[in-house]
Amino acid sequence: MRKIYKILFVLPLLLNSCLSGYEEINTNPLYPNDEHKNTDGVAAGAYFMEFEKRVIPTRSSEGEGTDLPNRYQVAINLAADNWAGYMSPMNNKFNGGANFTTNYLIEGWVNYAFSTFYTNIVNPWIQILDQTHVKQVENGTVTYQKKALSDQAIFSVAQIIKIMGLHRATDTYGPLPYKGMGQGSLKLPYDSQEDIYKSFFVELQAAVQTLSEYQRQGGANIASLVRFDAVYHGNVQRWIRLANSLMLRLAVRVRYVDEELSRKWAAQAVANPEGVITEVADMAMLKSSAEQPFINSLELLWHAYDDCRMGATIYSYLRGYNDPRAWTLFARHESDKSNSYLKAVRTGIPTSPSADFYKDYSVPNVKNETPVYWFKASEVYFLQAEAALFGLIQGNPQQLYEDGITMSFKENEVTLPANYLRSTARPAGYEDIKMAKYNAESPSAVTVSWSDASSNEQKLEKIITQKYIALFPDGQEAWTEWRRTGYPRQVPVFVNRTDAAHGNVMESDGYKRGVRRMTFPKSEYDGLNRENVIKAQQLLSSGVDDCNARLWWDVNPLLN
C-alpha cells in the first residue's frame, strides 16, 4: 500500500516531535486566532472539533489529507482490528508479512500508534485546560485555578473526551505519563495503570457533578459548544449519560483485579439520576451533517487502499448463527460475482500468491458517511448484564443480555428474527475457499440461547460474544474485552512472526496468550523521557517491556 510507505518515509519527523506534544500543538485552521480568543467561550470551544476527531481518527474532508485515516490504519486496523478477529489485510504485504497482523511489532508502527493514542489526545486537552483555567507558574510548578461554572462545564466535557481517548491508550500500553500532563515538561514520569484508572473514576465523577450543577442552574446546553461539539452539540444531559456509561465500562473492566472498586463505580454509574445511554438517540458518535461532514476512515482503507477484508473470527459467529446483521456489518466486494456467503481472510496468513488473490473477499460495510461510533447503547446493556450477573449492580442478567441483542439489531436497522434469542446454533468453522490450509474449526460451542442452568462463566461467554458482534467495528474495545475475558474465542492468528526484539508474543490458542499490550515506543527510549520510560518497566506485571506483560486489570485466573 503506497500510503503506508509514505507514512514510514516521514515517520522520523513525526517521532522527533512526539514528546514536544506535551506542551505544543501544531497550528490548525479549526483553532482560534487572537480575535476569536477575545470572544467568551470560543477560545476553548474552537479546539473541540479537532479534539473529538482524534479519539478515533476521523477527518472532515479529503482536503485534510490522509494523516488521520493513516493513523487509524496503523494504530487500530492493522493492530486491534486484527487481534480481535474483525478484519484482516487483503494481502499481507507489509514488511514481508512480519507486522502487527502476525504479532510482529514494527518499531515505526509502535511509535506512530503511541503518538496517535496518546500525544494527539493530550495536545488539544492541554489547550482547553489553559483556556478554561487561570494558569499560574511559580518556581517551575504549574497550577490551574478554576474560572466560572460555564468554563468548568466546558472543561468537564473535555475531561470526558480525554478519558474516552486515553483509556484506549492505557489499555494499549499500560502505564503512561498521566498525572503530570499540563505541567509543560518534556520529562514526565509514568503512572501505573491502577493509578490512571482510579484518576479516571474521580475525574468522571467530578465532570458529572459539575455538569449536573450547570444543568440545575438552567444550562441545558453549553452555548459555546453548540457549534464546535460534533458529538452532542453541547447537550449537557447527553454528556452526563456518556460519562456515566464510560464510568460503567471502566468499572466492569476492573472486576477481576478489584471487585470492590468495580462495584463502587458501577453502582454509582447506573444510580445517577440522568442514567446511562439506553437509546439510539443518545449514542456517542461523529455523524455527518450538512453543517459538519465527517469521513469514516475505514472506507479509505478497504476501498481506496484496497487493504481491508472481513476477519475469520467474526465470520465464524455471524455465519454459524445465521445472523442477519452480517449483511449490515459487511458486504460483498464489487468484484465478487458469486452468490456465496460472505468470504473472510484469516488474520496472520503469509503474503498471498498474488496482490489481488483475495480481492473479491468481503469488506466492511462502511462508507464515507457511516457514523464513527464511540459508544453504542447496546454495549451499555451488555455491561449491565455482566455487572448484574456478578453482583456489582441490581438487575436481571438475562433480560439485560437480551435487551442488548435487541438494541444491537435496532442500531443496525435489522429486524430481529423471531427465534434468534432462543437459537441453539453454534459458530461455524472458518473456510477459505481458495486456500484450504487456512481453514479452522469452530472457535467455540457458545449459543445465543440463555439457560439458567448454565454456569456464570458460560453466561459470560454469551454476553461477551454478543457484545463483540454489537461493538463492530470498534476493534480496540473488542480486543480489550478479549484480553480481559478470553471471549469470544477466536480463530487463532495463523502464523506468529514475533521475536524477542519485536514483541516476544506468546502464541495464542484463540483464548489465552497472544498480544496483551503494545510495547513502549522507541521514541520514548531515544528521547528526553528515556529515564522515565525505563522506570516504567517496573510498573508492568512482569517487569519486562514486551507484549506478554499483562495489564493491571488483565488478571482473569482462567487465562493464566
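Is Glu402 buried or exposed, and at what relative accessibility? That is the opening problem; the solution comes in Exercise 1.

This is a predicted model: local features need pLDDT of at least 70, side-chain atom pairs count only at pLDDT 80 or more, and totals for chains, interfaces and linings use all residues. Residues are numbered from 1 along each chain as its sequence is written, and side-chain values use heavy atoms, with hydrogens and water left out.

**Exercise 1. Place Glu402 and find its salt-bridge partner.**

Step 1. Set the scale. Buried means under 20% relative accessible area, exposed means over 50%, and partly exposed lies in between (1.4 Å probe, protein chains only).

Step 2. Apply it. Glu402 counts as buried because its relative accessibility is 9%.

Step 3. Look for the partner. A salt bridge puts a side-chain nitrogen of Lys or Arg within 4 Å of a carboxyl oxygen of Asp or Glu. Arg422 meets this rule with Glu402, the closest N and O atoms being 2.9 Å apart.

Step 4. Locate both ends. Helices (H or I, at least four residues) and strands (E, at least two) are DSSP runs, numbered from the N terminus. Glu402 sits in helix α15 and Arg422 in the loop between α15 (397-411) and α16 (456-471), so the pair ties together parts that are 20 residues apart in sequence.

**Exercise 2. Compare two salt bridges, Arg71 with Asp67 and Lys522 with Asp526.**

Step 1. Take the distances. The closest N and O atoms are 3.1 Å apart for Arg71 and Asp67. For Lys522 and Asp526 they are 2.6 Å apart.

Step 2. Find the helices. Arg71 and Asp67 both lie in helix α5 (residues 67-83), four residues apart, about one turn of the helix. Lys522 and Asp526 both lie in helix α18 (residues 522-526), again four residues apart, about one turn.

Step 3. Check accessibility. Arg71 is buried at 5%, while Asp67 is partly exposed at 34%. Lys522 is partly exposed at 35%, and Asp526 is exposed at 55%.

Step 4. Widen the view. Salt bridges that share partners join a network that includes Asp171, Arg249, Glu379 and Lys467. The count for the model comes to 38 salt bridges.

**Exercise 3. Which residues does Asp554 touch, not counting residues up to four places away in sequence?**

Step 1. Locate Asp554. It lies in the segment after α19 (530-536), and it counts as buried because its relative accessibility is 2%.

Step 2. List the contacts (heavy atoms within 4.5 Å). With that sequence exclusion, Asp554 touches Arg483 and Arg516.

Step 3. Add Asn548, found in the segment after α19. Among the residues Asn548 touches, beyond four places in sequence, are Gly503, Gly514 and Arg516. Asn548 and Gly514 are 34 residues apart in sequence and 7.5 Å apart in space, C-alpha to C-alpha.

**Exercise 4. Describe the nonpolar cores.**

Step 1. Define the term. A nonpolar core is a set of buried Ala, Val, Leu, Ile, Met, Phe, Trp, Tyr and Cys residues joined through side-chain atoms within 4.5 Å.

Step 2. Start with the largest. It has 169 residues, and Trp239, Leu242 and Trp374 have the most contacts inside it. Helix α6 (residues 107-132) gives the most to this core, with 13 residues.

Step 3. Look for another. Apart from the largest core lies one of eight residues, among them Ile349, Tyr358, Met435 and Tyr438.
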